[in-house]
Amino acid sequence: MASLAGACRASARLVGRASSRGLTTSARCLAAQNFVMPALSPTMTEGNIATWKVKEGENYSAGDVLLEIETDKATMDVEAQEDGIMMKIMAQDGAKSVQVGTRIAVLAEAGDDIKTLEIPKDEQLQQQQSSGDSAAAPKEEAAAPEKQTKPTPRPSSEETHEQKYPLMPSVEHLVKQNGLSKDDVSKIKPTGPSGRLLKGDVLAYLGSINADSPAAVSSFLEKLSHLDLSNIKVAEKKAAPAAPKEARPAKSEPLPLEINVPVSLSKVVEVQHRIQETLGVFMPLSTFISRAAEVANESLPPANRAPTASELFDQVLGLDKVKAAKGTRGIYLPQISAVPPSTLFEPPARSAKKTDIIDILAPKPKKAVRDQGIPTVPGFSNGLNVFSLVVPREEEHRAHMFLERCKAILEEEPGRLVL
């Protein structure tokens with residue numbers, strides 16, 4: 001941000017030296033300094049005062065925003081370079097077309113008593129009066145700021161430049177405002193991108209700004225438009241990651257073992273028949289088998305393997321005593337399948353007797369139905385059945401022991417199961 005407080009302070013020091021040489025101006029009065037409209041860009045010639053952020057009589061610190069200035073391009077803040085006091089505001093809020101270098105305020109040093117300070121003279125006004133301007137010139141300038149003398153173009157060489165039309169709106173406005181002809185425009189060297197004429201080129205031609213400013217700004221922008229890659233190094237290529245080693249196939253678990261033991265339920269059927277005759281109570285074969293399994297599961301030796309996660313979970317819930325699963329460590333429940341009669345699989349025996357036509361036509365005698373007493377349960381047989389268990393190989397001995405116990409109980413003493 002811009003501030004001319006430093007330049008004003010230097011002027012105050014020069015006047016202070018003059019007072020030491022015998023001038024009547026006091027050093028105390030030199031503490032008040034003129035604050036002029038700053039040039040916020042190389043092409044700025046005038047600006048509008050949007051608003052003052054510091055009022056008259058208020059103190060400010062270095063870095064505080066003093067005011068906002070509007071240009072034809074943007075609105076910018078002007079910051080204070082050092083501590084001070086706003087003594088007097090000359091150009092109020094909303095002032096339009098204030099020329100660069102025109103006094104807009106008077107500043108004092110921090111700690112000064114502004115009541116004892118004198119407002120310094122306007123240096124720009126003194127320069128205009130010394131160059132022959134009449135005393136009424138400031139009034140005319142304030143009354144009609146649009147009647148300003150046009151800047152005189154700087155003498156240039158006979159070199160001509162081909163301009164690209166149409167011109168930019170700001171350049172076109174500046175050309176018409178200063179009455180420049182097409183021949184005059186051709187004498188201006190363009191410094192913009194792709195050889196276009198910029199507003200700063202016209203102002204430099206008119207003498208409003210330094211002739212070297214447009215070229216310096218264009219060079220700076222040209223430098224910023226290119227990315228400097230000189231300090232960037234190309235990263236080294238990383239070695240390709242090694243191929244993962246082939247995973248070894250997991251060891252396959254041994255297949256479970258199926259153990260079968262034939263068990264006859266003929267004695268069980270006899271006990272079942274006696275109970276029904278004496279007590280009138282029918283006990284299904286499944287009741288005898290489940291009780292035989294309970295007796296056979298008692299005092300079985302533990303299996304030589306660690307319990308699985310499912311088995312541990314069943315133990316926590318207490319399901320290991322009521323749930324029969326394949327390969328359990330405690331409770332076994334056999335799978336039972338009836339052995340079909342051998343007559344179903346054997347072909348009928350051929351009779352050696354010759355068949356007579358009368359035997360064929362005669363009605364066949366009715367076969368006597370053997371009274372079995374109790375109907376059989378589907379899946380069971382009153383005779384021979386196969387008790388099966390599917391267990392891990394580590395439990396082969398244990399499973400054999402269980403099935404042999406079931407066989408002994410059901411074939412030898414099934415009556416104790418109902419006592």
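Two strands count as paired here if DSSP finds at least two bridges between them, and the views that follow are all taken from a predicted model.

**View 1. The open sheet of β5, β4, β2 and β7.** The 4 strands of this open sheet follow the order β5-β4-β2-β7 and pair in antiparallel fashion. Its edge strands, each pairing on one side only, are β5 (75-79) and β7 (98-99). Strand β4, which covers residues 65-70, runs antiparallel to β5 and is joined to it by 5 bridges; within this pairing, Leu67 has Val78 of β5 as its bridge partner. Strands of a sheet pair through backbone hydrogen bonds.

**View 2. Ser97, in the loop before β7.** Ser97 is placed in the loop between β6 (84-89) and β7, and its phi is positive, near 50°, although the residue is not a glycine. With a relative accessible area of 34%, Ser97 is partly exposed.

**View 3. The two nonpolar cores.** The largest nonpolar core comprises 28 residues, and those with the most contacts inside it are Leu265, Phe288, Phe387, Leu389, Phe402, Leu403 and Leu410. At least two residues of this core come from each of β9 (257-264), α8 (266-279), α9 (285-297), β11 (384-391) and α12 (396-412). A second core, separate from it, has 19 residues, among them Met37, Tyr60, Val78 and Ala91; Val78 is also the bridge partner of Leu67.

**View 4. Helix α6 and its surroundings.** Helix α6 (residues 199-206) is largely enclosed by the rest of the structure, because 8 of its 8 residues are buried; the buried residues include Lys199 and Asp201 as well as Val202 and Leu203. The elements covering them include α4 (169-177), α5 (182-186) and α7 (213-224). Ser194, in the loop between α5 and α6, counts as exposed at 60% relative accessibility, and its phi, near 60°, is positive in a residue other than glycine. After α6 comes Gly207, with a positive phi near 85°.

**View 5. The packing of α4 against α6.** The axes of α4 and α6 lie 8 Å apart and the helices pack at an angle of about 25°; angles under 35 degrees count as roughly parallel, and the two helices are therefore roughly parallel to each other. In this contact, Ser170, Val171, Leu174 and Val175 of α4 meet Lys199, Val202 and Leu203 of α6, a group that divides into 5 nonpolar, 1 polar and 1 charged.

**View 6. The cis peptide bond before Pro166.** Tyr165 and Pro166 are joined by a cis peptide bond, with omega about 0°. Pro166 is found in the loop between α3 (137-143) and α4.

Note on methods: Residues are numbered from 1 along each chain as its sequence is written. This is a predicted model: local features need pLDDT of at least 70, side-chain atom pairs count only at pLDDT 80 or more; totals for chains, interfaces and linings use all residues. Side-chain values use heavy atoms; hydrogens and water are left out. Buried means under 20% relative accessible area, exposed over 50%, partly exposed in between (1.4 Å probe, protein chains only). Contact means heavy atoms within 4.5 Å. A nonpolar core is a set of buried Ala, Val, Leu, Ile, Met, Phe, Trp, Tyr and Cys residues joined through side-chain atoms within 4.5 Å. Axes are lines fitted to C-alpha atoms, for helices over the stretch in contact, and angles run from 0 to 180 degrees between N-to-C directions. Angles under 35 degrees count as roughly parallel, over 145 as roughly antiparallel, 65 to 115 as roughly perpendicular and the rest as oblique. Ala, Val, Leu, Ile, Met, Phe, Trp, Tyr, Cys and Pro count as nonpolar, Asp, Glu, Lys and Arg as charged, and the others, Gly among them, as polar.
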